[in-house]
Amino acid sequence: MHIYFYTTNSSIEYPLNIAVMSSLQKMGAAMYSNIEGLSNALELPKDLDGVVALAGNVEKDLSYVVALGVARSKPLLLLFPKGMTVPEDIAKLCESSEVKKLITIEYVTARTMPKKIQHFVERQVIAADSFVIKFTLRLNNKLDRFLDRKSKTLHMSKADFVRKLFEECQGREVLRRNV
């Protein structure tokens with residue numbers, strides 16, 4: 001899982017930045033960020049699964065990061081410290097029903113932040129990768145016997161075996177494109 005963490009306060013010592021980074025690391029996320037020392041670009045990587053943005057007193061580039069995430073159809077978690085209001089440009093963007101599906105806005109403290117991040121990642125990032133599309137595959141008897149034999153020797157269902165084959169094929173395709 002690859003998460004881009006954007007913060008308006010790019011200091012690594014900022015307590016809310018530390019809380020977000022530790023929460024994402026505990027969940028096993030590979031993290032990209034605009035924090036000093038980690039990365040300095042506002043470019044979102046191509047293999048990104050989601051965006052977490054922490055707003056502060058100055059919303060520099062926050063709208064830009066939100067727009068990039070929306071343009072790539074990536075789930076976004078916008079974290080605002082309690083008592084802060086959502087900027088007008090982001091509120092206008094959230095009026096669209098399609099954009100509302102991508103953006104989650106939460107008001108947090110350092111204490112409540114880990115739970116909000118965990119809930120977002122489980123609901124938006126991990127659930128988006130679950131198997132939700134049904135696909136009917138018609139096979140002849142010879143292929144069905146082959147699937148039966150392979151699935152029994154590997155101790156997995158036929159569907160899991162076919163998914164594994166597709167994932168391996170997809171992995172080879174990604175490697176071939178990157179070379």
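**Note on salt bridges, a buried helix face and aromatic pairs**

1. In this predicted model, Asp144, Asp148 and Lys158 are joined in a network of salt bridges. Within that network, Asp148 and Lys158 have their closest N and O atoms 3.2 Å apart. The pair connects distant parts of the chain, since Asp148 belongs to helix α6 (residues 141-153) and Lys158 to helix α7 (residues 158-178), 10 residues apart. Asp148 counts as partly exposed, with a relative accessibility of 26%, and Lys158 is also partly exposed, at 31%.

2. The count of salt bridges comes to five, and one of them lies within a single helix: the side chains of Lys101 and Glu98 meet at 3.4 Å, N to O. Because these two residues are three apart in helix α4 (residues 97-102), about one helical turn separates them. As a general point, an α-helix has 3.6 residues a turn, so residues three or four places apart point the same way. Lys101 and Glu98 are both exposed.

3. Another salt bridge brings together the side chains of Lys116 and Glu106, at 3.2 Å from N to O. Here the partners come from distant parts of the chain, with Lys116 in helix α5 (residues 113-126) and Glu106 in strand β5 (residues 103-108), 10 residues apart. Lys116 has a relative accessible area of 29%, and is therefore partly exposed.

4. Which residues of helix α2 (residues 62-71) are buried? They are Leu62, Val65, Val66, Leu68, Gly69 and Val70, and the elements that cover them include the strands β1 (2-7), β3 (50-54), β4 (76-81) and β5, together with the helices α3 (88-93) and α4. Just after α2, Ser73 adopts a positive phi of about 55 degrees.

5. Turning to the rings, the count of aromatic pairs comes to two. Phe80 and Tyr107 form a tilted pair, with 6.0 Å from centre to centre and 35 degrees between the planes; this pair links strand β4, which holds Phe80, with strand β5, which holds Tyr107, across 27 residues. Phe80 is buried at 0% relative accessibility, whereas Tyr107 is partly exposed at 36%.

6. The rings of Phe146 and Phe161 have their centres 6.5 Å apart and their planes at 65 degrees, so this pair is edge-to-face. Because Phe146 lies in helix α6 and Phe161 in helix α7, the pair ties together parts that are 15 residues apart in sequence. Phe146 is partly exposed, at 33% relative accessibility, while Phe161, at 6%, counts as buried. The salt bridge between Asp148 and Lys158 likewise links helix α6 with helix α7.

Technical notes: Residues numbered from 1 in each chain as written. Predicted model: local features only at pLDDT ≥ 70, side-chain atom pairs only at ≥ 80, totals over all residues. Heavy atoms only, no water. Salt bridge = Lys/Arg side-chain N within 4 Å of Asp/Glu carboxyl O. Helix = DSSP H or I, 4+ residues; strand = E, 2+ residues; numbered from the N terminus. Buried < 20%, exposed > 50% of the residue type's maximum accessible area, 1.4 Å probe, protein only. Contact = heavy atoms within 4.5 Å. Phe/Tyr/Trp six-rings, centres within 6.5 Å; stacked < 30°, edge-to-face > 60°.
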